[in-house]
Amino acid sequence: MGKSGSKLNKKTLQDLLENTNFSEEEIKQLYKGFHRDCPTGKVTLKEFKYIYGRFFPSGNADDFAKHVFRTFDTNKDGYVDFPEFLTAVSMTSRGSVEDKLRWTFGMYDLDKDGFITKDEMLNILEAIYDMMGSEIIDSLPPEERCPAKRRDKIFELLDHNDDQIITLEEFLEGAQRDKALVDVLTNGIFNKKK
């Protein structure tokens, strides 16, 4: 983006004010930081993996970063630009529990067909476990150390009709019934706990 891209245009600013939970001053500050770290105005998957990996030095964050990147890149052009970045950050950091869960569901639903299969959930959970690293995994209770066991427990809690898929409605309903489940589903996505 050269010099012409170094300032946030009014239309983009207005859109972000309407579609995020950030103030004008916060948006401008975040834009400056984003543009400083990403002078082109776009983040590639490779750059995203590098940045994400710095937050999880004891594990391998590459697979998980790929899933997060896919969810951030809403227009599917292979880059995350500032509006995509800020919209996702707003939802994941300042959104309601339902906003976070909808975003999380979108990440788990790898093929975007409107439901989560056991394979899709296992894929994400394995990426989370890889990212956390063995030291953190070893500190978990024995029944939580295996991604497949955790997946089976989540399905037991959410898949009420036993059709081996989780719909958005089941996902949201289950999380409303069991607040601890929200932590299980979002752990590693929104924070580094456990």
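Me: Which domains does the domain assignment give for the chain?
Reply: Good place to begin, and do keep in mind that this is a predicted model. The centres of the two domains, taken over C-alpha atoms, are separated by 22 Å. As for the bounds, the assignment gives domain 1 (25-94) and domain 2 (97-193).

Me: How many residues of domain 1 and of domain 2 are in contact?
Reply: Contact here means heavy atoms within 4.5 Å. By that cut-off, domain 1 and domain 2 do touch each other. The count is 18 residues of domain 1 against 21 residues of domain 2.

Me: Is V68 buried or exposed?
Reply: V68 sits in helix α4, which covers residues 62-72. Its relative accessible area is 2%, and the limit for buried is under 20%. Because 2% falls under that limit, V68 is buried.

Me: Which residues is V68 in contact with, leaving aside its neighbours within four places in sequence?
Reply: Happily, this is a short list. N9 is 59 residues from V68 in sequence, and their C-alpha atoms are 26 Å apart in space. With the neighbours within four places set aside, the contacts of V68 are F48, Y52, W103 and M107.

Me: What distance separates the C-alpha atoms of M132 and G59?
Reply: M132 belongs to helix α7 (residues 118-132), and at 6% relative accessibility it counts as buried. Along the chain, M132 and G59 are 73 residues apart. In space, their C-alpha atoms are separated by 5.1 Å.

Me: How many salt bridges does a search of the whole structure find?
Reply: Side chains of opposite charge can pair when their charged atoms come close. The cut-off used is a side-chain nitrogen of Lys or Arg within 4 Å of a carboxyl oxygen of Asp or Glu. Searching the whole structure this way gives a total of nine.

Me: Where do K28 and E24, which form a salt bridge, both lie?
Reply: The closest N and O atoms of K28 and E24 are 3.0 Å apart. K28 is partly exposed at 35% relative accessibility, and E24 is partly exposed at 37%. They are four residues apart, about one turn of the helix, and the helix in question is α2 (residues 24-37).

Me: Are D37 and R36 buried or exposed?
Reply: These two residues form a salt bridge, with 3.7 Å between the closest N and O atoms. Exposed means over 50% relative accessible area. D37 and R36 both fall in that class: exposed.

Me: Which residue does R150 meet in a salt bridge?
Reply: R150 has 8% relative accessibility, so it counts as buried. Its side chain takes part in a salt bridge with an N to O distance of 2.7 Å. The partner is E144.

Me: Which residues form a nonpolar patch on the surface?
Reply: One member, I51, is in helix α3 (residues 45-55) and counts as partly exposed at 31% relative accessibility. Together, the patch residues have about 330 Å² of accessible area. They are Y50, I51 and F55.

Me: Which residues does UniProt list for "domain: EF-hand"?
Reply: The UniProt entry is unreviewed, and it lists three spans under that name. In the model, residues 60-95 are 67% helix and 6% strand, with end C-alpha atoms 27 Å apart. Residues 146-181 are 69% helix and 8% strand, with end C-alpha atoms 17 Å apart. The full UniProt list is residues 60-95, 96-131 and 146-181.

Key
Residues numbered from 1 in each chain as written. Predicted model: local features only at pLDDT ≥ 70, side-chain atom pairs only at ≥ 80, totals over all residues. Heavy atoms only, no water. Helix = DSSP H or I, 4+ residues; strand = E, 2+ residues; numbered from the N terminus. Buried < 20%, exposed > 50% of the residue type's maximum accessible area, 1.4 Å probe, protein only. UniProt positions renumbered as here; feature names shortened; annotations may be inferred. Patch = residues over 30% accessible without salt bridge, like charges linked within 9 Å, V, L, I, M, F, W, Y side chains within 5 Å. Areas by Shrake-Rupley, 256 points an atom, 1.4 Å probe, with all protein chains shown as cover. Domains from an automatic or database assignment.
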